[in-house]
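Trainee: Hey, can we go through this one together? I'd like to get a feel for how it's put together.

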Amino acid sequence: MRNEWFQEEWTEYTCTGGLKLILIRKPQFCTSAFLLMTPFGSLDCFQTDEAGRLFSCPAGTAHFLEHKLFESGHEDVMRTFSRLGANVNAYTSYDSTVYYVTTPAEDISEPLALLLDFVQDLSITEASVEKEKPIILEEYATYLQDPDSHLFLESMRGAYRTHPLRTDIVGTEESIQHITAKELRDAYRRNYHPANMTLIAVSPQPDEVLIDLVERHQAARSFGPQSVMKRLIQPEMEEPAEPYRECIMDIEQAKCSVTVKLMPGIRTPEEYIRSEWALRFCLEQQFTAMNPAYQNWIDDKRITPYFGYEVEYNRDYAFIYFEDAADDAERLKEFVTERLTALKKTMITDAEIDQMRRRVIGAAVRSFDHPMDMAASWGRGVLRSMNQFEECELIAALKPEDCAEIFNNIGKLSVSCVKLAPEH
């Protein structure tokens with residue numbers, strides 16, 4: 001396949017066992033990047049299969065599996081990759097678990113086979129699971145000791161009533177303690193079948209070499225029947241769980257957040273990705289130095305230089321998260337609400353949207369020169385059912401009218417705030 005606008009080519013191929021391959025050939029590269037992913041993340045505590053049967057697992061199961069898969073029998077996987085001159089790592093997100101490898105070696109057969117070997121072979125005992133729990137609990141405790149992480153988690157708890165966003169990706173102390181080897185095996189069997197997974201390769205190696213390597217590797221393994229899993233999330237009420245929430249922490253400076261919970265509804269990939277970028281452009285035009293009033297807000301102490309925001313826009317959830325080194329959460333909430341209301345009456349100009357389009361597309365083009373960045377972008381595209389080339393073309397076609405309509409499309413704004421206050 002080929003995208004003429006970016007002059008890039010790629011191949012999509014499905015192996016005999018069901019594993020999907022996306023191969024991006026980069027003959028000029030000296031490094032290969034491989035990314036193996038499954039759409040099983042922290043939100044997948046409740047799932048249904050094609051027969052409508054309900055399955056559940058404790059919060060943090062996807063992250064726990066990520067840890068245990070690095071134990072391939074008695075082998076130290078990371079040390080083996082290092083011996084091959086390759087780097088390996090992994091992460092769990094809300095909607096996926098990803099394992100990735102980079103290697104400069106011309107012979108990529110060993111690193112690629114090792115990646116498939118350890119991800120496609122779960123070997124655990126109850127004793128090994130119990131041994132891992134203190135490690136994960138320590139990771140969770142470290143997360144809670146970080147003010148930014150703590151503030152974000154408390155903000156999700158203030159915004160959401162039932163949604164699994166209320167729980168950290170790692171889980172909770174209670175859920176981690178209750179995870180069993182059987183639950184890990186069951187979740188693995190449901191979500192790690194090769195037909196549920198995608199392998200993305202950005203490499204100078206020819207497609208036929210990669211396909212042959214993977215096909216031979218998969219043919220030597222036996223996989224059970226595939227379960228087609230669907231995430232099940234209870235409908236969330238529009239109103240926040242707690243409009244105001246205050247927490248005490250051992251910090252020097254108070255921090256505040258404002259979370260705007262959006263109810264985007266179910267859309268096609270094209271519709272919700274267009275809405276996401278329209279929203280991002282609206283926020284950038286309003287809440288950054290693009291706005292001539294931005295410095296005045298700092299001078300008038302309505303915000304501090306540490307003010308910032310993040311956007312998450314997905315089919316299963318959407319929110320805007322603002323934070324600042326401020327003492328008054330209600331005042332920050334008043335400021336954010338005032339500016340969001342002003343956005344409904346503001347039309348982004350052609351020059352402004354052109355500036356933002358160029359910046360975003362330019363960053364995407366630069367990522368094409370970095371193997372792992374390109375692989376990660378393609379992985380994100382798999383989850384969003386739209387590859388990065390198609391997304392860039394959609395961004396290039398955005399008009400001021402798309403941005404003007406965004407708040408009508410996403411429905412009612414549900415606003416909550418949190419203050420993280422010093423102990424003294």
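**Walking through the fold**

Mentor: Sure, let's start with a hairpin: E16 and E17 are joined through four residues. Keep in mind that this is a predicted model.

Trainee: Okay. How many bridges join E16 to E17, and which way do they run?

Mentor: Six bridges, and the two strands run antiparallel. E17 covers residues 318-324. You can pick out partners across the pair: Val-311 is bridged to Ile-320 in E17, and Tyr-309 has Phe-322 as its partner in E17.

Trainee: What's the strand order in the open sheet?

Mentor: It goes E14-E18-E15-E17-E16, five strands with mixed pairing. E14 (244-249) and E16 (308-313) are at the edges, each with a single partner strand, so one side of each has no neighbour in the sheet. From one strand to the next, the twist averages 15°.

Trainee: And the side chains along a strand, where do they point?

Mentor: In a regular strand they alternate between the two faces of the sheet.

Trainee: Got it. Now the inside: which residues have the most contacts in the largest nonpolar core?

Mentor: Leu-279, Phe-281, Leu-283 and Phe-322, in a core of 64 residues. Helix H9, residues 269-287, gives the most to this core, with nine residues. You've met Phe-322 already, as the partner of Tyr-309.

Trainee: What does Phe-281 touch?

Mentor: Skipping residues up to four places away in sequence, Phe-281 touches Ile-348, Ile-353, Met-356, Arg-357, Val-360, Ile-395, Leu-398 and Cys-403. There's also a second, separate core of 49 residues, which includes Leu-23, Leu-84, Leu-116 and Ile-176.

Trainee: Why do I keep hearing about nonpolar side chains on the inside?

Mentor: Because in soluble globular proteins, nonpolar side chains tend to be buried together.

Trainee: Switching topic. How many disulfides are there?

Mentor: Zero, after a search of the whole structure. Cys-45 is in no disulfide, and the nearest cysteine sulfur, in Cys-57, is 5.2 Å away. The cut-off for a disulfide is sulfur atoms within 2.5 Å.

Trainee: Is Cys-45 buried or exposed?

Mentor: Cys-45 counts as buried, because its relative accessibility is 13% and the limit for buried is under 20%.

Trainee: And why can't Cys-392 form a bond with Cys-403?

Mentor: Because the sulfur of Cys-392 is 16 Å from that of Cys-403, its closest cysteine sulfur, and that's too far for a bond. Cys-392 counts as buried as well, at 4% relative accessibility.

Trainee: Where is Met-197 found?

Mentor: Met-197 is in the loop between helix H7 (181-191) and strand E12 (198-203). Despite being in a loop, Met-197 is buried, with a relative accessible area of 0%.

Trainee: So what is Met-197 in contact with?

Mentor: Leaving aside neighbours within four places in sequence, Met-197 contacts Leu-19, Lys-20, Leu-36, Met-37, Thr-38, Val-119, Asn-191 and Tyr-192. Take Thr-38: it is 159 residues from Met-197 along the chain, yet their C-alpha atoms are separated by 4.7 Å.

Trainee: You mentioned H7. At what angle do H1 and H7 pack?

Mentor: About 90°, with the axes 10 Å apart; H1 is residues 61-69. H1 and H7 are therefore roughly perpendicular to each other. H1 makes the contact with Thr-61, Phe-64, Leu-65, Lys-68 and Leu-69, and H7 with Leu-184, Ala-187 and Tyr-188.

Trainee: Let's do backbone angles. What is phi of Gln-7?

Mentor: Near 55°, a positive value in a residue other than glycine. Gln-7 lies in the loop between strand E1 (2-3) and strand E2 (8-9). Ser-385 has a positive phi too, near 60°. You'll find Ser-385 in the loop between helix H13 (371-384) and helix H14 (388-396), where it is partly exposed, with a relative accessible area of 47%.

Trainee: Why point out positive values?

Mentor: Because most residues other than glycine have a negative phi.

Trainee: And which glycine in the E3 and E4 hairpin has a positive phi?

Mentor: Gly-18, in the turn, with a phi of about 110°; this hairpin has five residues between its strands. E3 (residues 11-14) and E4 (residues 20-25) pair antiparallel over four bridges, and Thr-14 is opposite Lys-20 in E4. That's the Lys-20 from the contacts of Met-197.

Note on methods:
Residues numbered from 1 in each chain as written. Predicted model: local features only at pLDDT ≥ 70, side-chain atom pairs only at ≥ 80, totals over all residues. Heavy atoms only, no water. Pairing = 2+ DSSP bridges. Axes fitted to C-alpha atoms, helices over the stretch in contact; angles between N-to-C directions. Buried < 20%, exposed > 50% of the residue type's maximum accessible area, 1.4 Å probe, protein only. Core = buried A, V, L, I, M, F, W, Y, C linked by side-chain atoms within 4.5 Å. Contact = heavy atoms within 4.5 Å. Parallel < 35°, antiparallel > 145°, perpendicular 65-115°, else oblique.
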